[in-house]
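User: I am new to reading protein models. Could you take me through this one by questions and answers?

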Amino acid sequence: AYLEMLKRHLGAFDHSFTTVAGDEARLARAALEAGADTVAAVGGDGTWSQVADQVASWQQRPVRLALLPSGTGNDFGRNLGLTYESPEDAVRALARGRTRRVDVGRVLTPCAPDGRREQVDALRPRHFLNVVGFGFDIAVIDAAAGARFLKGAVLYRVTALQQLFRYPGIDVTVSSPAHGTRAGQRLMLTISNGRYFGGGFPIVPAATVDDGFLHACVISDASPLRRAVLFSRTERGRHVGAPEVELLADRRFTVRFPPAASPPRFEIDGDIYAGVGPEVEVELLPGALEVVVP
């Protein structure tokens with residue numbers, strides 16, 4: 001459907017289709033090397049993130065990123081106000097070409113897609129658009145991967161409710177230049193560029209994608225029933241101010257796990273990655289990406 005609409009509104013353009021996981025990055029790189037000044041990605045947060053990683057890494061010339069929603073999660077789109085009623089609205093926005101500069105996050109610590117540690121590239125950081133998440137978030141994504149009949153925000157909510165009573169929590173330390181160190185047993189930790197994650201949860205209600213900060217949401221562990229209360233509040237952004245919840249804004253965060261623990265698994269924009277050691281370092285690149293917006 002997108003292909004026909006793009007031809008109608010844009011005329012001539014080059015396009016490619018993914019065939020296996022990881023194709024997004026390869027095809028985006030090929031488009032950049034071929035001279036593209038705008039790269040459009042059809043999908044959700046994971047696809048957009050793979051393409052944005054390549055665009056944000058490109059130093060030869062300015063390149064714009066366009067987002068065409070067609071995925072199970074479109075949280076970065078929500079952060080930009082991309083609430084299209086139909087796919088054609090997204091194509092019209094691309095044709096108009098209005099843009100906005102947004103911040104981009106970057107994981108500095110070597111990491112690889114979960115289960116493919118041989119792909120670790122110790123020389124190149126991994127950029128992200130929306131969020132890096134630890135703890136409960138990973139349990140939910142793992143559980144959702146096995147679901148057959150649900151998708152999107154409904155899938156996240158159903159699997160999250162299940163994990164509220166199963167997930168054991170994590171022992172983790174988070175530190176930043178402005179806030180020092182926080183250590184303890186946590187339900188989850190997210191480091192966000194924007195307001196939404198998990199299919200529409202306003203995890204950091206005051207955040208915007210161009211405010212010049214990353215926002216850590218640190219949620220201490222609690223009993224299953226208290227977890228359920230916090231989850232319900234988080235759906236509406238009302239978790240802020242709860243005694244278990246702390247929000248920290250800074251341009252750099254370091255997350256550390258106990259040295260004896262397995263290398264951490266964490267999400268980058270909805271896809272699971274694995275580190276090579278007990279520490280994950282994250283930083284912000286203010287205004288690093290030009291994105292097409294309505």
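The turns below go from the whole chain to single residues.

User: What kind of model is this, and how are its residues numbered?

Analyst: Residues count from 1 along each chain as its sequence is written, and side-chain values use heavy atoms, with hydrogens and water left out. Local features need pLDDT of at least 70, side-chain atom pairs count only at pLDDT 80 or more, and totals for chains, interfaces and linings use all residues, for this is a predicted model.

User: How many helices and strands does the protein chain have?

Analyst: Helices (H or I, at least four residues) and strands (E, at least two) are DSSP runs, numbered from the N terminus. Counted that way, the protein chain has eight helices and 16 strands.

User: Why does the protein chain count as compact as a globular protein of its length?

Analyst: The radius of gyration is taken over C-alpha atoms, and the globule rule is 2.2 Å times the number of residues to the power 0.38. For 294 residues the rule gives 19 Å, and the chain is close to that, so it is as compact as a globular protein of that length. Its radius of gyration is 19 Å.

User: What percentage of the residues is buried?

Analyst: Buried means under 20% relative accessible area, exposed over 50%, partly exposed in between (1.4 Å probe, protein chains only). Of the 294 residues in the protein chain, the buried ones make up 50%.

User: Which strand gives the largest share of the largest nonpolar core?

Analyst: A nonpolar core is a set of buried Ala, Val, Leu, Ile, Met, Phe, Trp, Tyr and Cys residues joined through side-chain atoms within 4.5 Å. The largest one has 44 residues, and Phe-134 and Ile-268 are among those with the most contacts inside it. Five residues, the largest share of this core, come from strand β11 (residues 214-220).

User: Is Ile-268 buried or exposed?

Analyst: Ile-268 lies in strand β14 (residues 265-268). Its contacts (heavy atoms within 4.5 Å) beyond four places in sequence include Val-107, Cys-111 and Phe-128. Its relative accessibility is 0%, so Ile-268 counts as buried.

User: What distance separates the C-alpha atoms of Ile-268 and Phe-134?

Analyst: Along the chain, Ile-268 and Phe-134 are 134 residues apart. In space, their C-alpha atoms are separated by 9.5 Å.

User: Which residue just after α5 takes a positive phi?

Analyst: Helix α5 covers residues 87-96, and its buried residues include Ala-90 and Leu-94. Those buried residues pack against α1 (2-10), β1 (38-43), β2 (64-69) and β16 (279-292). Just after α5, a positive phi of about 80° is taken by Gly-97.
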